[in-house]
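Biologist: Please take a close look at the pockets of this model. I would like to know what lines them.

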Amino acid sequence: NHKNPTPHLGQMTATNPCGEQPLLPFESCNLGSINLSKFLIQADGGLEINYDHLREVVRTTTRFLDNVIDANSYSVNKIEEMTRSTRKIGLGVMGFADMLVQMRIPYDSDEGLEQGRKVMRFIQQESDQMSEELAKERGNFPAYKGSIYDVDGGPNMRNACRLTVAPTGTISMIADCSSGIEPLFAICYHKHNILSGESLLYVNQRFEQAAKEEGFYSEDLMNYLADNGDLQERDDVPEWAKRVFVTSAEISPEKHVRMQGAFQQ
């Protein structure tokens, strides 16, 4: 409960099914996710994050999600009352692993962890700032009095919560990017029983592009990987690619948790 911004309204006793958003009874999950792989620009040392563009989008999406609360039609009066009272939003990310791949940074490296920590800190700061500005423009969330912000020198705040780290299962598939802050699940795999029972070969577009540009692409390699072959065992794949295109099964449990911790900070 130490992360409950409105303890005067009650205790958090459960989360939504995915577990990323602890809420009070009758609150709703108002989420949006930014595809980080779309925010890279060319620099002297390779690709880097375009923080000016990211700032603009974080501010726009924070305002957008605040608007959703008022635009929404609510099926239950109690849900409408609680949602409008705390005005919680959950701005998050997807495409993080894709971003690291494009930057040629291994997910399970110290540099990968630092990139995660840095980009989420930036999103937090910008979203908090936007919520403060919205509070001055539109007013604090109605349950502000008695909240953790209601102290001497406390900030104005339009939304009791601003961020979340969601798994983005379906929307990341629609956006054709890696899910949430997760590493790549697989580089190549067969999708079986498509339409008339045929099998479709799925290849990660960034791996395919890198393999063709660097000259190690082959149908044999793709089919080998799709049949659960290990990239690390291939002599025809350069070492940098083996490090950068690391998949979830190859990453230690500790590194999975450390990345989650970097974003949770």
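Modeller: What follows is a description of the two largest pockets, with a short look at one helix and the cysteines afterwards. The model is predicted.

The largest pocket has a volume of about 1100 Å³. Its lining is made up of 35 residues, and those nearest the centre are Leu163, Thr164, Val165, Phe263 and Gln264. Helices α4 (110-138) and α9 (253-264) each supply at least two residues of this lining, and α9 gives the most, with six. Sorted by class, the lining of the largest pocket holds 19 nonpolar, nine polar and seven charged residues.

The second largest pocket encloses about 440 Å³. Here 19 residues form the lining, with Met173, Cys177, Ser178, Tyr189 and Tyr202 nearest the centre. At least two lining residues come from each of α5 (169-174), β7 (188-194) and α6 (205-214). The classes in this second lining are eight nonpolar, six polar and five charged.

Next, the helix. In α7 (residues 219-226), the buried residues are Leu221, Met222, Leu225 and Ala226. These four lie on the same side of α7, because they cover an arc of only 130 degrees around the axis. Just after α7, Asn228 has a positive phi of about 70 degrees.

Last, the cysteines. The structure holds zero disulfides. For Cys18, the nearest cysteine sulfur is that of Cys29, 8.0 Å away, whereas a disulfide requires the two sulfur atoms to be within 2.5 Å. Cys18 is exposed, at 54% relative accessibility, and Cys29 is partly exposed, at 33%.

Definitions and conventions:
Residues numbered from 1 in each chain as written. Predicted model: local features only at pLDDT ≥ 70, side-chain atom pairs only at ≥ 80, totals over all residues. Heavy atoms only, no water. Buried < 20%, exposed > 50% of the residue type's maximum accessible area, 1.4 Å probe, protein only. Arc of directions from axis to C-beta. 1 Å grid on protein atoms, 1.4 Å probe; cavity = no way out; pocket = protein on both sides within 12 Å on 5 of 7 lines; lining within 4 Å. Points joined across faces, edges and corners; volume = space filled by probe spheres on them. Nonpolar A, V, L, I, M, F, W, Y, C, P; charged D, E, K, R; others polar.
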